[in-house]
Amino acid sequence: MGILDKIIKENLEGEIFYDGWIKCKHVQRGLTHCKECLSVDNCWFYSLKKPKLPHHDHCHCNYEMISKPTIKICKAECGIGKFRDYIFGENQEDKTKREIFEFLGFTIEDSEYLAKEYARQALKSYVEGNYKLGKWDDKGQRITIDIFLEHNGKRYLKGSGWMVCENGKITNNTPIAKTINKELARKYKDENRRYS
């Protein structure tokens, strides 16, 4: 079996597809640049979970096949401030997020641990292609990655928001993605009733 046999596959409908990793490449043909296309230039995606190109009329951007990324060459960043200042911060308007972490037994003192654990889990999920595509605009392509936390005998699975950056880097936008806040709040209340 050759290398192409491993990455070129056929689905149940008989359609051929590439099962590997790609890099988005911005191609300019004219005097103006598309900010949205520029925002994903040199960003890496699993081929089945990539931004759709062409993105707009007269878009010349394309994909390039790349080797499967590894934890050693990719990077996930989650700043401690996402927890210390945002989740546990005094000015946090959405108290539900803080309550979810407190329900699990985390406090502001756990901010460094949480930031490192989020980065560790997100990196592993990203290189395995375990993410969901989110909004794409001139700031970049957002993805959602599930984070599993276990603390004080309680378990929780959370969707966290990330931005895909160049050359295999992702950065945390929010520990709890907005798209699932209502679902998380409902689960939190159900779990809270169960343990009280």
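These are my notebook entries from a first look through this structure.

**Entry 1: what kind of model this is**

I started with the origin of the coordinates: this is a predicted model. I then looked up the confidence, and the chain averages a pLDDT of 85, with 80% of the residues scoring at least 70. Next I went to the chain ends. Over residues 1-5 the pLDDT stays under 50, and the model has one contact beyond four places in sequence for that stretch. Residues 191-196 also stay under 50, and for them I found six contacts beyond four places in sequence. I made a reminder for myself here: where pLDDT is low, the predicted coordinates should not be read in detail.

**Entry 2: the chain as a whole**

How many helices and strands are there in the chain? I noted six helices and ten strands. The chain has 196 residues, and buried ones make up 43% of them. I also looked at the surface: the chain exposes about 11800 Å², and carbon and sulfur atoms supply 51% of that. Then I turned to contacts with a separation of 6 or more, and 58% of them join residues 24 or more positions apart.

**Entry 3: the sheet of three strands**

I went to the sheets next, keeping in mind that strands of a sheet pair through backbone hydrogen bonds, either parallel or antiparallel. One open sheet has three strands in the order E4-E3-E5, and its pairing is antiparallel. Its edge strands are E4 (44-46) and E5 (62-66), each of which pairs on one side only. On average, neighbouring strands here are turned by 40° against each other, direction ignored.

I followed one pairing in detail. Strand E3 (residues 21-25) pairs with E4 in the antiparallel sense over three bridges. Which residue of E4 is the bridge partner of Lys23? I found Trp44 there.

**Entry 4: a second look at Lys23**

Lys23 came up again when I checked side chains. Its side chain meets that of Glu64 in a salt bridge, at 3.9 Å from N to O. Lys23 lies in strand E3 and Glu64 in strand E5, so this pair ties together parts that are 41 residues apart in sequence.

Is Lys23 buried or exposed? Lys23 counts as buried because its relative accessibility is 18%, and the cut-off for buried is under 20%. Glu64, at 34% relative accessibility, counts as partly exposed.

**Entry 5: the sheet of five strands**

I moved on to another open sheet, where five strands run in the order E6-E10-E9-E8-E7 with mixed pairing. Strand E6 (75-77) and strand E7 (132-137) stand at the edges with a single partner strand each, so one side of each has no neighbour in the sheet. Neighbouring strands of this sheet are turned by 35° against each other on average, direction ignored.

Over how many bridges do E8 and E9 pair? I noted eleven bridges between strand E8 (residues 140-151) and strand E9 (residues 154-164), in the antiparallel sense. Within that pairing, Thr144 has Gly161 in E9 as its bridge partner.

**Entry 6: helices across the sheet**

I then asked which helices lie across these strands. Helix H4 (residues 95-103) lies across E8, E9 and strand E10 (169-174), and runs at about 135° to E9. Helix H5 (residues 111-127) lies across E6, E8, E9 and E10, and its direction is about 120° to E8.

**Entry 7: more charged pairs**

I closed with the other salt bridges, remembering that side chains of opposite charge can pair when their charged atoms come close. The count comes to eleven salt bridges.

One of them sits in helix H5: Glu112 pairs with Lys116, their closest N and O atoms being 3.1 Å apart. The two residues are four apart in H5, about one turn of the helix. Glu112 is partly exposed at 45% relative accessibility, whereas Lys116 counts as exposed at 55%.

Another salt bridge joins Asp85 and Arg84, with 3.0 Å between the closest N and O atoms. Asp85 is partly exposed at 48% relative accessibility, and Arg84 is partly exposed at 38%.

My last entry is a network of salt bridges that links Lys75, Glu77 and Lys169.

Key. Residues numbered from 1 in each chain as written. Heavy atoms only, no water. Buried < 20%, exposed > 50% of the residue type's maximum accessible area, 1.4 Å probe, protein only. Contact = heavy atoms within 4.5 Å. Areas by Shrake-Rupley, 256 points an atom, 1.4 Å probe, with all protein chains shown as cover. Pairing = 2+ DSSP bridges. Axes fitted to C-alpha atoms, helices over the stretch in contact; angles between N-to-C directions. pLDDT = per-residue confidence, 0-100. Salt bridge = Lys/Arg side-chain N within 4 Å of Asp/Glu carboxyl O.
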